Amino acid sequence: MGNVLIATDWLAACAGCHMSLLDLDERLVELLYHVTFTSSPVTDLKHPPESGVTVGILTGAISNTHNIEVARRMRSRCTYLVAVGDCATFGGIVGARNLVGTQAALRRAYLETESTVDGQIPDSPELGRPLDFVTGVGDVVKVDIFLPGCPPRPDDLHYVFAEVLSGRIPVMLPRENFRYD
Ligand code: SF4
């Protein structure tokens with residue numbers, strides 16, 4: 001294991017981008033000679049350590065107040081913050097909620113269709129309060145590198161890791177690289 005720490009965390013979205021780290025296959029094994037993954041799909045720890053994280057990776061959109069807390073926590077603990085995937089970049093598919101509005105979407109999901117919560121809109125504080133507007137990570141914290149795609153290509157994820165670990169900021173990738181599966 002290397003001394004460079006990489007930590008990931010997951011905001012509002014599907015698990016596609018979070019798990020896309022595993023798409024690196026054998027390159028992930030090579031990476032492990034140079035870095036240590038703390039919170040990640042590899043280690044399955046939930047939170048990044050309090051300090052010393054070189055690369056923080058956030059996937060998913062900012063959809064509720066809890067997402068803001070998670071994004072701020074990661075930002076405060078890492079040197080480089082990478083927003084991976086369309087949801088983290090600009091809200092992506094989670095942002096479709098903006099088209100109808102948060103309250104209308106909640107009513108439709110929990111009150112106007114059959115649900116598993118007895119016709120009530122969940123309001124546990126642990127879930128965070130839904131925001132009126134879904135957005136990307138860069139709207140709440142400074143992001144150093146954006147990697148769009150749904151999910152991004154493994155080659156591009158690897159490129160970003162290689163550049164950051166070499167002390168370089170990755171250049172913007174051509175639009176043709178963005179993958180939408
Ligand atoms: S960008 Fe696509 S794959 Fe990634 S979290 Fe969003 S919906 Fe899932």
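User: What makes residues of α6 count as buried, and which ones are they?
Analyst: The model is predicted. A residue is called buried when its relative accessible area is under 20%. In α6 the residues that pass are P154, D156, L157, V160, F161, E163 and V164.

User: Which elements do those buried residues pack against?
Analyst: They pack against β1 (4–10), α2 (26–31), β2, β3, β5 (78–84) and β7 (145–147). A pairing like this rests on heavy atoms within 4.5 Å.

User: What in helix geometry could put residues on one side?
Analyst: An α-helix has 3.6 residues a turn, so residues three or four places apart point the same way. In α6, L157, V160, F161 and V164 are among the buried residues.

User: How do you know what span to expect of α6?
Analyst: Take 1.5 Å times one less than the number of residues. Helix α6 covers residues 154–165, which is 12 residues. The expected span is 16 Å, and the helix reaches 16 Å from its first C-alpha to its last. The value is close to the expectation.

User: What follows α6?
Analyst: G167 comes after the helix, with a positive phi near 85 degrees.

User: Where is a positive phi found in a residue other than glycine?
Analyst: At D25, where phi is near 50 degrees. D25 sits in the loop between α1 and α2.

User: Which form does the peptide bond from C150 to P151 take?
Analyst: This bond is cis, with omega near -10 degrees. P151 belongs to the loop between β7 and α6.

User: Which residues surround the ligand?
Analyst: The shell holds A13, C14, G16, C17, D86, C87, I93, G149, C150 and P151. To be listed, a residue needs a heavy atom within 4 Å of the ligand. Both partners of the cis bond, C150 and P151, are in this shell. Helices α1 (16–19) and α4 (86–90) each give it at least two residues.

User: How do the shell residues divide by chemical class?
Analyst: There are 7 nonpolar, 2 polar and 1 charged. Cysteine counts as nonpolar here, and Gly as polar.

User: How many disulfides are there, and how do you know?
Analyst: Two cysteine sulfur atoms must lie within 2.5 Å. By that rule the count is 0. C78 is in no disulfide; its nearest cysteine sulfur, that of C17, is 17 Å away.

User: Why do C17 and C78 fall into the class they do, buried or exposed?
Analyst: C17 has a relative accessible area of 16%, under the 20% limit, so C17 is buried. C78 has 10%, so C78 is buried too.

User: Why is T38 called buried or exposed?
Analyst: The relative accessibility of T38 is 11%, so T38 counts as buried. T38 is placed in the loop between β2 (35–37) and β3 (53–59). Leaving out residues up to four places away in sequence, T38 touches L5, I6, A7, T43, L45 and P49.

User: What class does G119 get, and why?
Analyst: G119 has a relative accessible area of 40%, which falls between 20% and 50%, so G119 is partly exposed. G119 lies in the loop between α5 (102–111) and β6. Beyond its neighbours within four places in sequence, G119 is in contact with Y110 and L111. From T43, which is 76 residues apart in sequence, G119 is 37 Å away in space, C-alpha to C-alpha.

User: How far from N64 is L131 in space?
Analyst: Their C-alpha atoms are separated by 4.9 Å, with their positions 67 residues apart along the chain. L131 lies in strand β6 (residues 130–135). Its contacts outside four places in sequence are I62, S63, N64, T65, I68, R97 and T102. L131 is buried, with a relative accessible area of 14%.

User: What share of contacts in the whole protein joins residues far along the chain?
Analyst: Among contacts with a separation of 6 or more, 77% join residues 24 or more positions apart.

User: Why does the radius of gyration agree with a compact globule?
Analyst: For 181 residues, the globule rule gives a value near 16 Å; the protein has 17 Å, which agrees. The C-alpha atoms fill a box of roughly 50 × 35 × 30 Å along the principal axes. Of the 181 residues, 46% count as buried.

User: What is the secondary structure, and in which pattern?
Analyst: There are 6 helices and 7 strands. Along the sequence the pattern reads β-α-α-β-β-β-α-β-α-α-β-β-α.

Terms used: Residues are numbered from 1 along each chain as its sequence is written. This is a predicted model: local features need pLDDT of at least 70, side-chain atom pairs count only at pLDDT 80 or more; totals for chains, interfaces and linings use all residues. Side-chain values use heavy atoms; hydrogens and water are left out. Helices (H or I, at least four residues) and strands (E, at least two) are DSSP runs, numbered from the N terminus. Buried means under 20% relative accessible area, exposed over 50%, partly exposed in between (1.4 Å probe, protein chains only). The radius of gyration is taken over C-alpha atoms; the globule rule is 2.2 Å times the number of residues to the power 0.38.
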